[in-house]
Amino acid sequence: MDKLQAMQTFVAVVESGSFVAAVDVTGQSKPAVSRQVSELEQFLGIRLLHRTTRRLSLTDEGRVYFARCKELLETIQDVESEVGLNSDQACGRLRIGAPQDFGVEQLAPLWGKFTEQHPLITLNITLSDRTIDLLEEGFDMAIRISALGDSRMVARPLAPVRMIACAAPDFLARHGTPGTPAELRDYPFISYSYRAGGDDWSFRHVHGDTCQVRVRSTVYVNNGATCRAMAIAGQGIAIQPDFIVNAAIQAGQLVELFEGWSTGEQLVVHTLYPTRTHLPPKVQRMRDFLVEQFRVPPWCPRPQDSAA
């Protein structure tokens with residue numbers, strides 16, 4: 001058994017999700033892929049994968065072994081790049097996870113520019129609003145929007161995010177404009193269903209006043225762009241990130257509410273990657289590229305107000 005090749009095959013099976021899909025990745029036949037994984041399990045004396053007719057899943061031991069295999073194979077790739085090619089050359093597949101709305105609206109326009117600069121890097125992008133486990137799921141890096149990063153990871157801040165309460169001019173004409181956040185309870189509200197705080201919101205004024213309010217949600221949506229579209233259609237008030245609603249506000253489709261008030265959620269877009277002594281060149285290039293692209297957030301060209 002070629003142990004290194006068996007490890008590569010095992011990683012390919014896990015990342016692609018099946019033995020059949022791993023055939024395209026490895027260039028081997030399905031029997032060869034299956035045989036190498038079985039031989040690896042026999043050599044280790046443990047079961048790495050649960051196999052059913054419908055899906056594959058890692059055992060507890062398999063999760064640990066996969067993470068170590070992934071790290072070892074990346075280290076080997078780094079060494080080969082340093083001594084066999086050019087230490088500055090970035091190449092290979094770069095697997096990135098990102099939130100759905102941010103990925104579509106803010107990241108998608110950037111990928112072409114990155115691949116032009118780094119033609120030897122192949123991007124594999126997964127958009128999902130769930131929290132991705134980089135180590136377990138085999139991602140090289142992720143983009144997250146939150147207050148804190150995973151303590152097992154390196155988190156590099158990219159841009160601040162301001163949450164904005166807004167509504168359509170037509171909606172405000174029909175229902176009236178709330179003067180303070182406390183009045184939100186009297187208006188139909190469009191909620192993002194993945195928000196940890198649910199219907200409870202906290203606000204702070206620039207002069208120090210605070211306000212807590214429970215909104216009256218008439219609809220819950222697991223997609224920020226849909227919340228924006230419903231707000232534009234006059235179906236209620238929404239509180240959404242500035243990167244989702246700023247363009248609509250500038251176009252007059254939405255009106256920002258509560259001047260001088262901000263929510264208590266201090267969010268940051270950051271790129272996340274596993275802690276490593278020697279970061280792979282492909283991850284370094286993407287990290288540096290994103291830092292540069294978001295030096296001035298494209299959705300908010302003016303500097304952020306410190307009280308926002």
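Me: Where is Phe-258 found?

Reply: Phe-258 is found in the loop between β13 (255-256) and β14. The strand labels are DSSP runs numbered from the N terminus: E over at least two residues makes a strand, H or I over at least four makes a helix. Keep in mind that this is a predicted model, where local features need pLDDT of at least 70 and side-chain atom pairs count only at pLDDT 80 or more, while totals for chains, interfaces and linings use all residues. Residues are numbered from 1 along each chain as its sequence is written, and side-chain values use heavy atoms, leaving out hydrogens and water.

Me: Why is Phe-258 called buried?

Reply: Its relative accessible area is 7%. Buried means under 20%, exposed means over 50%, and partly exposed is what lies in between (1.4 Å probe, protein chains only). So Phe-258 goes in the buried class.

Me: And what is the phi of Phe-258?

Reply: Phe-258 has a positive phi of about 65°, although it is not a glycine. Most residues other than glycine have a negative phi.

Me: Why does Val-219 count as partly exposed?

Reply: Val-219 sits at 22% relative accessibility, so it gets the partly exposed label. It lies in strand β11 (residues 216-221). From Val-219 to Gly-236 you go 17 residues in sequence, and the C-alpha to C-alpha distance is 9.1 Å.

Me: What makes β7 (residues 163-167) mostly covered?

Reply: Five of its five residues are buried. In a regular strand the side chains alternate between the two faces of the sheet. In β7, Met-163, Ala-165 and Ala-167 are buried on one side, and Ile-164 and Cys-166 are buried on the other.

Me: How do you know which strand β7 joins by four bridges?

Reply: Two strands pair if DSSP finds at least two bridges between them. Strand β12 (residues 237-241) has four with β7, in an antiparallel run, and there Ile-164 stands opposite Gln-240. β7 also pairs with β13 in the antiparallel sense over two bridges, with Cys-166 partnered by Glu-256.

Me: Why is one side of β10 (210-214) and of β14 (261-263) left without a neighbour?

Reply: These strands stand at the edges of their sheet, each with a single partner strand, so one side of each has no neighbour there. The sheet is open, has three strands in the order β10-β9-β14, and its pairing is antiparallel. The twist averages 30° from one strand to the next; axes are lines fitted to C-alpha atoms (for helices over the stretch in contact), and angles run from 0 to 180 degrees between N-to-C directions. Strand β9 (residues 200-205) is joined to β14 by three bridges, and His-205 stands opposite Trp-261.

Me: What makes β4 (121-127) and β6 edge strands?

Reply: Each pairs on one side only. Their sheet is open, with five strands in the order β4-β3-β5-β15-β6 and mixed pairing. The parallel sense shows up between β3 (residues 92-98) and β4, over seven bridges. Strand β15 (residues 267-274) pairs in the antiparallel sense with β5 (residues 141-146) over five bridges, and with β6 (residues 153-161) over eight, again antiparallel. Seven of the eight residues of β15 are buried.

Me: What span is expected for helix α3 (residues 30-44)?

Reply: The expected span is 1.5 Å times one less than the number of residues. With 15 residues, α3 should reach 21 Å, and its reach from first C-alpha to last is close to that, at 21 Å. Its buried residues are Ala-32, Val-33, Gln-36, Val-37, Leu-40 and Glu-41. An α-helix has 3.6 residues a turn, so residues three or four places apart point the same way. Just after α3, Gly-45 takes a positive phi of about 75°.

Me: Which residues form a nonpolar patch on the surface?

Reply: Met-1, Phe-43, Leu-44 and Ile-46, with about 350 Å² of accessible area together. Patch residues have over 30% relative accessible area and no salt bridge; nonpolar side chains (Val, Leu, Ile, Met, Phe, Trp, Tyr) are joined within 5 Å, like charges within 9 Å. A salt bridge is a side-chain nitrogen of Lys or Arg within 4 Å of a carboxyl oxygen of Asp or Glu. The areas are Shrake-Rupley values with a 1.4 Å probe, and for residues only the protein chains shown count as cover. Phe-43 lies in helix α3.
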